[in-house]
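Subject: Structure handover

Hello,

The structure you asked for is below, with the sequence. My notes on what was found in it follow.

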Amino acid sequence: MEEKMFPLLHNSIIMSSCKVFLFIPSEDFVASAEAVAEQLGTKYEVVDVTTRSAKAPVDRLLADLPPSSSTLLVFYSGSSVATIHTVQQESSYPVLEVDSSAEPKDLAWNIAKWCSLGSQTVAEHVHQATLEKRQAQLVDDAQLQTKSLKYRQTIARSFDENLQITGERTGLEAIRGKVRDRIEIDEKSLALITTDRQSGFDRQLALVPFKGAVLNLTSAFWFEQTRHIIPNHVLSIPHPYVTIAKKCQPFPIEFVVRSYMTGSTDTSIWKNYQNGVRTYCGHSLPEGMKKNQKLWENIMTPTTKEEDHDRPISAEDIVKEKWMTQEDLDVCAKAALSVFALGQKIALEHGLILVDTKYEFGRDLETGEILLIDEVHTPDSSRYWLASSYEESIAAGLEPENIDKEFLRLWFRDHCDPYKDEVIPDAPRDLVLELSRRYITLFEMITWKQFDFSIGEGEKDIAEAVNAFGK
């Protein structure tokens, strides 16, 4: 049933510090009422909550009510309608009837909305909870769609018929990277083919259906969204797996931007903080910070791109060690922070938290202009958490929820030594299909676009798309 607000005798009631009475029809609802009270206290700061029996005589129900204008009377469905109407007529307090079968968190949310009328603090908590409900619905919708028969069958067919994009059947001369292949078109442009290769432990682990299209089209989405902040290298997207780009001279710095104290690699802010580092990439870190805690502001934590290993570096040292000029660094740093802020805003609207990411910049070989290059806010270059459950997870001491992609790496770690074994086992079919589904889920959540599986005749079409641009 829907919550019903009965007509009030005093419509001008303003609840400054809300006192809530929960009237339940039987002891069967005690656990629900206690859970509602806990939710009201912990999530909304509505701490004065009392449970009463709705079967008590009306005069008894009304006798102990305080002479306060900040009281809300809540009746669970199943309570006597006559009792509810009598209380409504004889008390000066708002009376709310709620669905006794609803989840306690939903009941608390509806009750808190009424308490928020006279409390800015409660109103802020209600606003946050409303956003979280919407964000959770977005996640549920995306997950349901990509778990549908249509998606599962299409992904499975690509895997079973070996239709993944490897980059080896295009007939084009390319410089192969771990995931992306580079093809020279002319002196001004090149083609970047993002393949379905899944790398890890410095080797190829699997071919994940449609992964390359997800990464390429996600970048294309963000390049378009951020074009007004800084120009980028994209000339054309002639195929879901292909980006035609301007040739640039990349700067030897990765511009990592972070919003949270997290990470697991040796260069991450959390790993360094754990090891006692309190000045990280030029930023002073206060004592007492916890893993996954939000930082005081978005910060830039660059790393060098060196032959042996990357290392964190401060903006000051980038100039001092002559990696970049101050003028070029200022342009890139400002753009990185602005692109990240916009990315966070859009991601949050779509139910996600953009936690951290990396950007690369280069100088246009023809014009000298600084451009955003490589990839932007993809599931591989960025960390995303589910916004709806972040606060709850942190409060419970749990890791933030995410659409995890690490399970395939963990499977290899459990079944072989992927760093030392010359031959490793094939990735299980069900894991590869699930990884594909999760990449597509992230694409649809990030872009709000339905993934288009009609990508033509695979690598033959890719070759034709690249060759057509070069003519």
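In which sense do strand E14 (residues 253-261) and E19 pair, and over how many bridges? The pairing of E14 with E19 is antiparallel and has 4 bridges. One point before the rest: this is a predicted model.

Strand E19

E19 covers residues 352-364, and 12 of its 13 residues are buried, so the strand is largely enclosed by the rest of the structure. Within the pairing with E14, Val-257 has Thr-357 of E19 as its bridge partner.

Strand E13 (residues 248-250) also runs antiparallel to E19, joined by 3 bridges. There, Cys-248 is partnered with Asp-364 in E19.

Strand E21 (residues 382-386) is joined to E19 by 5 bridges, again in the antiparallel sense. Tyr-384 in E21 is the bridge partner of Leu-354.

Strand E20 (residues 370-373) is antiparallel to E19 as well, with 4 bridges between them. Ile-373 in E20 stands opposite Glu-360. E19 and E20 make a hairpin, with 5 residues separating the two strands. In the turn of that hairpin, Gly-368 has a positive phi of about 85°.

Helix H13

Does the end-to-end distance of H13 agree or disagree with its residue count? Helix H13 (residues 429-447) has 19 residues, which at 1.5 Å a residue should span 27 Å; the C-alpha atoms at its ends are 27 Å apart, so the two agree. Of these 19 residues, 16 are buried, and the helix is mostly covered. Trp-448, just after H13, has a positive phi of about 60°.

Second largest pocket

The second largest pocket holds about 680 Å³ of space. It is lined by 21 residues, and those closest to its centre are Gln-39, Lys-43, Glu-132, Ser-388 and Glu-392. Two or more lining residues come from each of helix H1 (30-44), helix H4 (104-115), helix H5 (120-146) and helix H11 (390-395).

Which element gives the largest share of this lining? H5 does, with 7 residues. Sorted by class, the lining of the second largest pocket has 8 charged, 7 polar and 6 nonpolar residues.

Regards

Technical notes
Residues numbered from 1 in each chain as written. Predicted model: local features only at pLDDT ≥ 70, side-chain atom pairs only at ≥ 80, totals over all residues. Heavy atoms only, no water. Buried < 20%, exposed > 50% of the residue type's maximum accessible area, 1.4 Å probe, protein only. Pairing = 2+ DSSP bridges. Expected span 1.5 Å × (residues − 1). 1 Å grid on protein atoms, 1.4 Å probe; cavity = no way out; pocket = protein on both sides within 12 Å on 5 of 7 lines; lining within 4 Å. Points joined across faces, edges and corners; volume = space filled by probe spheres on them. Nonpolar A, V, L, I, M, F, W, Y, C, P; charged D, E, K, R; others polar.
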